[in-house]
Every structure is written in C-alpha cells, then in structure tokens.
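Me: I should like to learn how to read the features of a structural model step by step. May we begin once the structure is displayed?

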Amino acid sequence: MEGCKEAEMLRSKDILWLDVPYRAGPVLCGDQEVDVAIVGGGFTGLASAYFIKRRFPNKRIILLEAEFIGFGSSGRNSGGVAGNMGHNYSNLKKKFGTEKMMRLQHLMKQCVGLVEQLIQDHKIECDYERTGRLVVAETDRQAKRLEAELRDCQQAGAKVEWFDRIKARQQFGCLDLKAAIRYPDEGIIDPVKFLRGMKGVVESLGVDVYEHSRCLRMIPGSPASSLIKLFTSGGSAVAKEAVLATNAYSDPLRLFRYKVLPFYIYTIVTEPLSQSQRDGFQFTGRGNVFGATNLYWARNLTADNRLNFIECDVFYYYNHEKDYSCRPKSFRREYDLMVRKFPFLKGIRVTHAWGGLIGVTLDFLPFIGRTGRHGNIYFSAGYNGCGLAPSQLAGKIIAALMAGEKSDLTDNVLIGRKPFYIPSAAVTYLGLKAYRSLFKLNDWFLGGQG
Ligand SMILES: Cc1cc2nc3c(=O)[nH]c(=O)nc-3n(C[C@H](O)[C@H](O)[C@H](O)COP(=O)(O)OP(=O)(O)OC[C@H]3O[C@@H](n4cnc5c(N)ncnc54)[C@H](O)[C@@H]3O)c2cc1C
C-alpha cells in the first residue's frame, strides 16, 4: 500500500484530489482596510465569499487561508454531494420532532441544488454526476433500521426509494442484501476541481484570496468601535465584518472550542479498476453506496474509475495541535474491510490514503450564526462529515444574515442555536470515547463490521 508511513507527515500527493499541480495565490502583505474578512479557504469560506459578493458587489472582501485553498477537509473528502444534516431523518425526528424535521428538510433539499447551480452558472469542470446514494442493509436488523428511515424520510417530504430483498440485489448484486434505500437527488464530484473553480469565480467577482496567510490573532470590535482587526505574520486587516470559516480547526476567537469537536476520519483510494473488477460489484455507475450502520463503510468510483473506500470510524485526539492525518493502521484496516466485502478486489493497489478533520456537534447539526458585541462576526462550522453541499447553503445564509433578511434562511433551527458544550478537554476526551463505544456497540447489534 502506498501513502504515508508510520510517524510521517501526510503530503499533498497522498491525497488523490490534491495530487495535481497547483500554484497558490498571493500572501497577505501590508495593512488593508476592507468591508469583510473571511478566515478559512474551504467550501464554507469560498461559499461565503461568493454569496456575500453577489449580494453586495461593492463590498471589498478578502479571504485568508492559512495554507492553500482546500488544505482542510474540503480538499480531503470523498466527493459525496448530499444535503444531509442531523445524521439521518430518524435521528432528526427523535431529537427535534416532526415539525422541525420538516422545516430542516426544506433547507436540506436546497443544498445539492446550490452546488448544481454553481457548476452550471459558472461552467465549473469538476466531474459532477447526479448518481444518487444507495444505503444497503446486510442484516435484518439493518433492514428494519432502513424501514424506519424510509418512513421518516417520506414524512419529511424527502425523495427516497425503497428496494426489498430482491430489488436490492438487483441494484448492488455483490452483497447478500436484505433491503436498500436510495436517495436519487445526490451526486459525486471532484471536490478540489470544484473548490479551485469556485476560487476562480470569487476572484473574478473581485474577492482577494490570500493563501499561506494564517490569521494569527483577531480582535473583535471594542465598545467604541465595531471594527475588527486581523493579523497574519506578514500583514494585517481592519474589517467592518468578518466570517469564521475554519470548521474543525481552532478559530482565532476560540468560538468553536468544545462546541465543534475535531474528529479525524480516514480514507483510501485504489488504482483505476479494470472492467472486470467494476463488473464485480454488479452495480452500474459510479454512485455512492453506504452501509447502514452508524460508523458506516462507503464506496464510490472517481471519474477515472478508482475506488474511494472509507470506513467512517472517527478518532478524537487529546492533543489538538498535532496533525494525525497519516494513520497507516486505519488505512490497513480499511483495506482489509474493503477486501472482505469485495473479495474480487484482492491484491488491488492503494495509490492514495489520507485522513482529515471533520467538525462534529453533539446534536449533529451545523452551528451557524453571528456573534460579537456588534453582531458583525458571522460563522458556520460543524457539518458532521457532510459539509460539501450544506456549506454552500451556509454561505447563502451568512449573506442573508448580513443583509438583515427575514426569511426561512435566517429564521430556522440552525441559527442562533446554543450547541451542547463540554467545558473541559479531559471530559470531552473521555465522554467522546464513551460515545464512540456506544456507536460501536449499536453497530455490533445491527450486525455491522464492528
Ligand atoms: C475523509 C473525509 C471524507 C469526507 N467525505 C465527505 C463527503 O463525501 N461529502 C461531504 O459532504 N462531506 C464530506 N466530508 C466533510 C467535508 O469535507 C467538510 O464538512 C467540509 O469540507 C467542511 O468545509 P469547511 O470549509 O467548513 O472546512 P475546511 O475545509 O476544513 O476549511 C477550513 C480551512 O480553514 C483554514 N484555517 C484554519 N485556521 C485558520 C486560520 N487561523 N487562518 C486562516 N485559515 C485557517 C484551514 O487551513 C482550512 O483550509 C469528509 C471529510 C473527510 C475528512
């Protein structure tokens, strides 16, 4: 298996999407006066830049990225384009009740549409395909769980299809399935092509994107002045408004600390599959297929027919300053699981393997809103491992909040929520270990990979 070795740092070439030449933009130098400063150059930062600039063409906007566009999980994900929030519909209904679940569904269904609209309007070439997502049950208990999800989805008004045992096997013939559901309105994408396309779009609208420009310090407005000051190693900016888009990385105001919990997840990508290996799945197309457990496995095919396989197990480390993106033990575990599920792939070479941070909130919903003495610092984070499409909606919401709009976008369960907060690193560490064990126990009960 290729990829980083034990005790090594992850390199861009270990990440499939980033394993292509890229020339980063300028570094922030000198002092600037701007209307809006955005901190973080992933999906959230770029979507915020886009929607704010579209709404306020005359605002001077800068975006500061610590490394390069897509350095965070936006450049490291599996390219699944879904509107998922709150883990699944059954969980949303249990936690928030039917009415809130339905209101959330109304927002969630906009997410994929926004990605598709951006691709279409700006002709972004990013291998997007609306493939749908299939969730498969390999045991009777998993099938029961899918039945409940189907009912809740239908009640929420979401589009979903049901496949009984026979039809499920016609969909994905290589596993001995008991049932499956399919969300037809989802897709897959090359996330870095999309990001770099969006970077070009916002620059063409007049946003200045600075890379290798970490915001080291941010001083919110004082009682006398609402101006926000931001400092990098080479320059500074004074802004009327700011957006925090650092997701699972610690933000310069520590606003997300212990509210958006940084978990690592890991993924592997193989060499391109031959036709006979592809035929082995007994499944047509590139689409996403997920297991029906909590810490599920998932697979999809890239545009050049590589298998992207992930075991969505999550790891929380006590030391947040250290980078844990390279974890050969997880890569080997994923490889073994992949070959156990799909024995026809035995011996296939893994060409890329990497890990990345996801931001987790305890109610599984993103944390979006505005803060600061003058209410001029906006933020969105905590997509719980599904942020590609929801972050586009977040960018639109931030622009709407900035405009003072009163609509569904600005008045909903996501805004101004106080996410459950754990006040100490040690309690967080122990509590989350216990939470993960509960998930694993439930997966064992469901007959998952455990
Ligand atoms: C392995 C993996 C698979 C995934 N698969 C999917 C999937 O299939 N579908 C899906 O929807 N989601 C998926 N996700 C989750 C998704 O990638 C994230 O939800 C999404 O990328 C979050 O985007 P973001 O812009 O908020 O954060 P990020 O992409 O993490 O961006 C934050 C940026 O802020 C920068 N930054 C941090 N601190 C500072 C600072 N002080 N100054 C300046 N910049 C700073 C970082 O360098 C980083 O680039 C996956 C994630 C991982 C790790």
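Me: In which helix does glutamine 110 lie?

Reply: Please note at the outset that this is a predicted model. Glutamine 110 lies in helix H2, which spans residues 89-122.

Me: Is glutamine 110 buried or exposed, or something in between?

Reply: One counts C-beta neighbours inside 10 Å, and a residue is buried at 20 or more and exposed at 12 or fewer. Glutamine 110 has 17 such neighbours, and therefore counts as partly exposed.

Me: How is cysteine 111, also placed in helix H2, classified by its C-beta neighbours?

Reply: Cysteine 111 counts as buried because 26 C-beta neighbours lie inside 10 Å. Leaving aside residues up to four places away in sequence, cysteine 111 touches Gly83, Ala389, Pro390, Gln392 and Leu393.

Me: How far apart are cysteine 111 and alanine 389 in space and along the chain?

Reply: Their C-alpha atoms are separated by 5.0 Å, although the two positions lie 278 residues apart along the chain. A contrasting case is glutamine 110 with arginine 169: 59 residues apart in sequence, they are 31 Å apart in space, C-alpha to C-alpha.

Me: Which residues of helix H8 are buried?

Reply: The general idea is that an α-helix has 3.6 residues a turn, so residues three or four places apart point the same way. In H8 (residues 390-402), 12 of the 13 residues are buried, so the helix is largely enclosed by the rest of the structure. The buried residues are Pro390, Ser391, Gln392, Leu393, Ala394, Gly395, Lys396, Ile397, Ile398, Ala399, Ala400 and Met402. They pack against H1, H2, S11, strand S17 (367-371) and strand S18 (377-381).

Me: What span should H8 have, and what is the distance between its end C-alpha atoms?

Reply: At 1.5 Å a residue, the 13 residues of H8 should span 18 Å, and the end C-alpha atoms are 18 Å apart, which agrees. Just after H8, glycine 404 takes a positive phi of about 70 degrees.

Me: What covers the buried residues of helix H3?

Reply: The cover includes helix H2, strand S4 (133-137), strand S6 (179-183) and helix H9 (425-446). The buried residues of H3 (residues 140-156) are Gln142, Ala143, Arg145, Leu146, Glu149, Asp152, Cys153 and Ala156. The span may be checked as before: 17 residues at 1.5 Å a residue should give 24 Å, and the end C-alpha atoms of H3 are 24 Å apart, which agrees. Glycine 157, just after H3, has a positive phi of about 90 degrees.

Me: Which residues of strand S18 are buried on each side?

Reply: In a regular strand the side chains alternate between the two faces of the sheet. For S18, Ile377, Phe379 and Ala381 are buried on one side, and Tyr378 and Ser380 on the other, with both faces covered.

Me: Which strands pair with S18, and in what sense?

Reply: S11 pairs with S18 in the parallel sense over 3 bridges, and alanine 242 stands opposite isoleucine 377. S17 is joined to S18 by 5 bridges in the antiparallel sense; here phenylalanine 367 has alanine 381 as its bridge partner. S17 and S18 form a hairpin with 5 residues between them, and glycine 372 in the turn has a positive phi of about 95 degrees.

Me: To which strands is S1 joined?

Reply: Strand S1 (residues 30-39) runs parallel to strand S11 (residues 235-244), with 9 bridges joining them; isoleucine 38 is partnered with valine 243. S1 also runs parallel to strand S2 (residues 61-64), through 4 bridges. The chain passes from S1 through helix H1 (residues 43-55) to S2 in a right-handed β-α-β crossover.

Me: Which residues come nearest to the ligand?

Reply: Of the 41 residues around the ligand, Gly42, Gly72, Gly80, Gly356 and Gly387 come nearest. H1 supplies the largest share of this shell, 3 residues. By class, the shell has 18 nonpolar, 19 polar and 4 charged residues.

Me: Where are aspartate 127 and asparagine 305 found?

Reply: Most residues other than glycine have a negative phi. Aspartate 127, in the loop between H2 and S4, has a positive phi near 55 degrees. Asparagine 305, in the loop between strand S14 (297-301) and strand S15 (306-311), has a positive phi near 65 degrees. Aspartate 127 counts as partly exposed, with 16 C-beta neighbours inside 10 Å, and asparagine 305 counts as partly exposed with 15.

Note on methods:
Residues are numbered from 1 along each chain as its sequence is written. This is a predicted model: local features need pLDDT of at least 70, side-chain atom pairs count only at pLDDT 80 or more; totals for chains, interfaces and linings use all residues. Two strands pair if DSSP finds at least two bridges between them. Helices (H or I, at least four residues) and strands (E, at least two) are DSSP runs, numbered from the N terminus. A crossover is right-handed if, with the strands pointing away from the viewer, the path from the first strand over the helix to the second runs clockwise. A residue is near a molecule or strand if its C-beta atom, placed from the backbone, lies within 6 Å of it. Ala, Val, Leu, Ile, Met, Phe, Trp, Tyr, Cys and Pro count as nonpolar, Asp, Glu, Lys and Arg as charged, and the others, Gly among them, as polar. The expected span of a helix is 1.5 Å times one less than its number of residues. Two residues are in contact if their C-beta atoms, placed from the backbone, lie within 7 Å.
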